[in-house]
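Visitor: I should like to understand the terms applied to this model. Please set each value against its definition.

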Amino acid sequence: MASPAPASQVDTPSNPLGTVSLGAQERAVIATLFAHRGRVVSRRELSRLAGLADLSERRCDSILVSLRRVLGGDAIITVRSRGWMLSPAAEHLVADLL
């Protein structure tokens, strides 16, 4: 019986996320949340500021799912009926990505 493949190492001293690469839309959304850290950003505002206003209303949602996979589930806080905000604990990770 074959053994499972070893888990990939993500942690490196220079970049805690390893060689993670984000697409242009993901980068725009995370940059917007980082620029407005400490406050809730609504879906409409996030779409407009990240340059996604021409796309589906739900595009921000799917991008946030992708970002949570990269940064961790607690990196982006959902504020029900209001929007999202970057968690203070994730700010240093995002700063390294930008």
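Visitor: Why does P88 count as exposed?

Guide: The relative accessibility of P88 is 61%. A residue is called exposed over 50% relative accessible area, buried under 20%, and partly exposed in between, with a 1.4 Å probe and protein chains only. P88 therefore counts as exposed. This residue lies in the loop between strand 2 and helix 4, and its C-alpha atom is separated by 9.7 Å from that of I77, 11 residues apart along the chain.

Visitor: On what basis do these statements rest?

Guide: This is a predicted model, in which local features need pLDDT of at least 70 and side-chain atom pairs count only at pLDDT 80 or more, while totals for chains, interfaces and linings use all residues. Residues are numbered from 1 along each chain as its sequence is written, and side-chain values use heavy atoms, leaving out hydrogens and water.

Visitor: What makes S87 buried?

Guide: S87 has a relative accessible area of 6%, and is therefore called buried. S87 is placed in the loop between strand 2 and helix 4 (91-97). Not counting residues up to four places away in sequence, S87 touches D74, A75 and I77; contact means heavy atoms within 4.5 Å.

Visitor: Why is H92 called partly exposed?

Guide: The relative accessibility of H92 is 48%, so the residue counts as partly exposed. H92 belongs to helix 4. Its C-alpha atom is 9.9 Å from that of F34, although the two residues are 58 apart in sequence.

Visitor: How are the helices and strands of the chain recognised, and how many are there?

Guide: They are DSSP runs numbered from the N terminus: helices are H or I runs of at least four residues, and strands are E runs of at least two. The chain has four helices and two strands, in the sequence pattern α-α-α-β-β-α.

Visitor: What is notable about phi of S81?

Guide: Phi of S81 is near 65 degrees, a positive value in a residue other than glycine. Most residues other than glycine have a negative phi. S81 lies in the loop between strand 1 and strand 2, and with a relative accessible area of 77% it is therefore exposed.

Visitor: Which residues have the most contacts inside the largest nonpolar core?

Guide: They are V29, I30, L33 and I76, in a core of 22 residues. Helix 1 (24-35), helix 3 (59-71), strand 2 and helix 4 each give two or more residues to this core, and helix 3 gives the most, with five. A nonpolar core is a set of buried Ala, Val, Leu, Ile, Met, Phe, Trp, Tyr and Cys residues joined through side-chain atoms within 4.5 Å. Leaving aside neighbours within four places in sequence, V29 is in contact with L46, A50, L52, I63, L64 and L67. Across the chain, buried residues make up 35% of the 98 residues.

Visitor: What lines the largest pocket?

Guide: The lining consists of S42, R43, R44, T78, V79, R80, S81, R82, G83 and W84. A pocket is an open set of points on a 1 Å grid over the protein atoms alone, where a 1.4 Å probe fits, with protein on both sides within 12 Å along at least five of seven lines; lining residues have an atom within 4 Å of a point. Helix 2 (43-49), strand 1 (76-79) and strand 2 (83-86) each supply at least two residues of this lining.
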